[in-house]
Amino acid sequence: MPPGVEHDGWTLRYAGFDPQQEGLREALCALGNGYLATRGAAPETQADAVHYPGTYLAGLYDRSVTRLAGHAVENEDLVNIPNWLPLTFRAQDGDWFTGRAQEIVEHTVALDMRHGILSRHSRVRNAAGRITAVRQKRLVHLVFPHIAALQTTLEAENWSGGLEVRSAVDGGVRNTGVARYQGLADCHLALRRKHTADAGVIVLEAETPASRVRIATAARTRLTTGGPPSEVRTWTDATRIGTDIAVPVAPGRRVVVEKVAAVYTGRDPAIGDPVQAAVQSAGEAADFEELAASHARHWAELWSRCHLDLEGAPETERTTRLYTFHILQTLTTHTAELDAGVPARGLHGEAYRGHVFWDELFVLPYLNLRLPEVSRGLLRYRYRRLGAARRAAHDAGYQGAMFPWQSGSDGREETPAVHLNPQSGRWLPDHSHLQRHVGSAVAYNVWQYFQATGDHAYLAAEGAELLIEIARFWADLARYDPVLRRYRIRGVMGPDEYHDAYPWAAEPGLDDNTYTNVMASWVLHTAGRALDLLPAYRRAELADRLRLGNGEPAHWDHVSRKLRVCFHDDVISQFHRYGDLAELDWDAYRERYGDIRRLDRILEAEGDTPNRYRVSKQADVLMLAYLFPPDELARIFARLGYACDHDLLDRTMRYYLQRTAHGSTLSAVVHAWVLARSDRAASGRFLHEAMAADVHDVQGGTTAEGIHLGAMAGCLDLLTRGYPGMEVQEDTLVLDPALPAGIGPLEFHLRYRGHWGVRVHISHRAASVSLRPGQQAPIRVRIGSGEGTVEAGSTWRVALPPRA
Ligand code: BGC
């Protein structure tokens, strides 16, 4: 842990105020409940070079247009909504406390993950030398999604007299959390009304200018200990409404102030009006301690569902807690009821503008076996945007559904046309929308969800339709080359974003990206399987509604066997003519720049381009070995008419590993996974790096702009599926453990086929599955080469052969 940071089992503690680290701490101390999230900024602060208080609502976007160098640049942002948090104080007519370093004598912040509480203890001194102790606790309620609360205890240490406490709601906030976006429009709130309602509740109503969503933030501020206030006054200014409470204080007398906020929007169900709902909720909410108690009970349930114990690896275990905490705060049953997807950077900051990428590929498999209803809600985000994806395919001249690389409110392509290279200061064209493979991630998740849950009703209602439309797109995008006698997909990008064009070509896009083609083959085959699994009646309905031609499934099958995969130097090529690219002098670059994760920026700043070299930002071909176990991958290649044996995979792994810069946090997760069976030591090193990604902010300052949700979930999935070798094959839960040295024994819980709290225990010597007592049907389990049926209330344990 860096200096000043301590992480015991359940609490992350920061000692001292460090302006350099504040952004990172605010992101890692964000609290949320899947509906609402608030960064861990101190309540007395405003957005400036050090602090960034931001509050976001899942799925709430607004778009705006900026004129940039004569072009209209349109962006859609996850909206930073009015700040409910502001609370400060002043001693005896001194200045209001604003959180500046020179005011702070002592400062500790603690994130208690077990109970979902962020607390702070500071001693602050004003210009007159008056010292006041501040203790605060806050929560964003897990059961009541609209409620957040802040309890503040103030004590005059060396003075007596009048203390004034100011609690406000601030509608003057903007989306200014990412320095690189400066100069682009950042105003997403039009203030409508500020007023006081009954029982001293203040309320501020704003509306997003383009998406026209009304947002109401109400706050009730009460003095609960410290005697009656001498004065309570409500005020407003241009952008805020507040309550000032004056109270006499003296050393030894504590003043406790409780602020309970309620946030509603015009999109919320079961309300008449968001202002009225917010005022009512804030007025009626219980006091802080009672809210904290119900919140903690719910956390206890969630922790049990996502239980993961790593005996003997305490540091890794602590990080898994932090990552679990943030995933569970971002994606909850509340999210599932909303129309929201998986934001790549959580609800923790404004990087990538809150957009939804393929990152759900790393998140849903983890949720499928713990919170399947959340997975299903997130899949519905895609289903609802099937119309937009069909339109996008149609407009581009194709059949089926073409999902956007970056998705926001309505499912249109949100990838910006240009992005800034901070290293060169140049705005560059962004071609990453050519990552058409995102559709395959949606399809893969549909199938994984179905496999993990056996939810045939889902497949029939929505899943099959998604698979069919994505398959149709691939079948149409792939064009037959009579000379090669293969189908080709041309002009796309793979996951490796360092390659968006051939260095010799005028147009962006690459041909025959192996990841894209093999995934397309898998989707085409799987769509056919899904159709076969539907009841005949439903299959006929769907075929009629989607105007499925008689020969279409046969055509998918044909294309799925004939897509092209290229090879060079005895390895699988990332794309056609990859082998014609130059080798980079890695040592020279490492020596010159030290950290070369963002080689793309370095090379562009030098007037060069990564397109010229055999360099990857992240796993591309190797993603296939991440998504499919070796024997399944071999089967997929065999259907395509290629052999993919262990040696080829091994050579391919080593080849790309030497040429990957790991410029995405997803890269270490994937490499840890794919090396689990061939190089356990290297896998352990990548695990270590993946676990450090957000805790140590390894990508150099990006975590402050939002956590990396995909990498966080990917780490947990690696520990609970990758290393245990866990899969659901048809109706059998399969375990084939391969733990790296230093990891294990490990124990975790699952929800599987109606069984809650299924306990899986894996050591280097044995693996077991235990079901709790109940009426549920037995399950089939395969561990290594042994297969059996496990009944409710029993345990099945298998000794594992020693590994080399
Ligand atoms: C990665 C993408 C990822 C995106 C959002 C990029 O840096 O290259 O694979 O989807 O970040 O997390």
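Student: Which side chain has an N or O atom 2.5 Å from an oxygen atom of the ligand?

Tutor: In this predicted model, the side chain is that of Gln618, where an N or O atom lies 2.5 Å from a ligand oxygen. Asp359 offers a further pair, with a side-chain N or O atom 2.6 Å from an oxygen of the ligand. For Glu497 the corresponding distance is 3.2 Å.

Student: How much of the ligand's accessible area does the protein cover?

Tutor: On its own the ligand has 310 Å² of accessible area, and the protein covers 93% of it.

Student: Which residues surround the ligand, and how does the shell divide into nonpolar, polar and charged residues?

Tutor: The surrounding residues are Ala344, Tyr352, Phe357, Trp358, Asp359, Trp405, Glu497, Lys617, Gln618, Ser664 and Leu666. By class, the shell holds 6 nonpolar, 2 polar and 3 charged residues.

Student: Let us turn to a helix. Why is helix 6 described as largely enclosed by the rest of the structure?

Tutor: A general point about helices comes first. An α-helix has 3.6 residues a turn, so residues three or four places apart point the same way. In the present case, helix 6 spans residues 360-368, and 9 of its 9 residues are buried, so the helix is largely enclosed by the rest of the structure. The buried residues include Glu360 and Asn368, together with Leu361, Phe362, Val363, Leu364, Pro365, Tyr366 and Leu367.

Student: How should one read the cysteines, and how many disulfides does a search of the whole structure find?

Tutor: A disulfide is a covalent bond between the sulfur atoms of two cysteines. The search of the whole structure finds 0 disulfides.

Student: Why is Cys29 without such a bond?

Tutor: The cysteine sulfur closest to that of Cys29 belongs to Cys715 and is 19 Å away, which is too far for a bond, given that a disulfide requires sulfur atoms within 2.5 Å. Cys29 is also buried, at a relative accessible area of 1%.

Student: What is the case for Cys566?

Tutor: For Cys566, the closest cysteine sulfur is in Cys644, at 15 Å, again too far for a bond. Cys566 is buried as well, with a relative accessible area of 8%.

Student: Where is Asp608 found, and is it buried or exposed?

Tutor: Asp608 sits in the loop that runs between helix 15 (599-605) and helix 16 (623-627). Its relative accessible area is 18%, and Asp608 is therefore buried, the limit being under 20%. The Asp608 side chain also makes a polar contact of 2.6 Å with the side chain of Tyr613.

Student: Where is Thr98 found, and how does its relative accessibility count?

Tutor: Thr98 belongs to the loop between strand 7 (87-91) and strand 8 (104-112). With 35% relative accessibility, Thr98 counts as partly exposed. Thr98 and Arg39 are 59 residues apart along the chain, and their C-alpha atoms are separated by 17 Å.

Student: Which strand holds Leu87, and how does Leu87 count at 3% relative accessibility?

Tutor: Leu87 lies in strand 7 and counts as buried at that value of 3%. Between the C-alpha atoms of Leu87 and His326 the separation is 25 Å, the two residues being 239 residues apart along the chain.

Student: Finally, what does the domain assignment give, and how far apart do the C-alpha centres of the domains lie?

Tutor: The assignment gives domain 1 as 5-304 and domain 2 as 723-804. The C-alpha centres of domain 1 and domain 2 are 44 Å apart.

Definitions and conventions: Residues numbered from 1 in each chain as written. Predicted model: local features only at pLDDT ≥ 70, side-chain atom pairs only at ≥ 80, totals over all residues. Heavy atoms only, no water. Buried < 20%, exposed > 50% of the residue type's maximum accessible area, 1.4 Å probe, protein only. Domains from an automatic or database assignment. Near = heavy atom within 4 Å. Polar contact = N/O pair within 3.5 Å; in protein donor to acceptor, adjacent residues only side chain to side chain. Areas by Shrake-Rupley, 256 points an atom, 1.4 Å probe, with all protein chains shown as cover. Nonpolar A, V, L, I, M, F, W, Y, C, P; charged D, E, K, R; others polar. Helix = DSSP H or I, 4+ residues; strand = E, 2+ residues; numbered from the N terminus.
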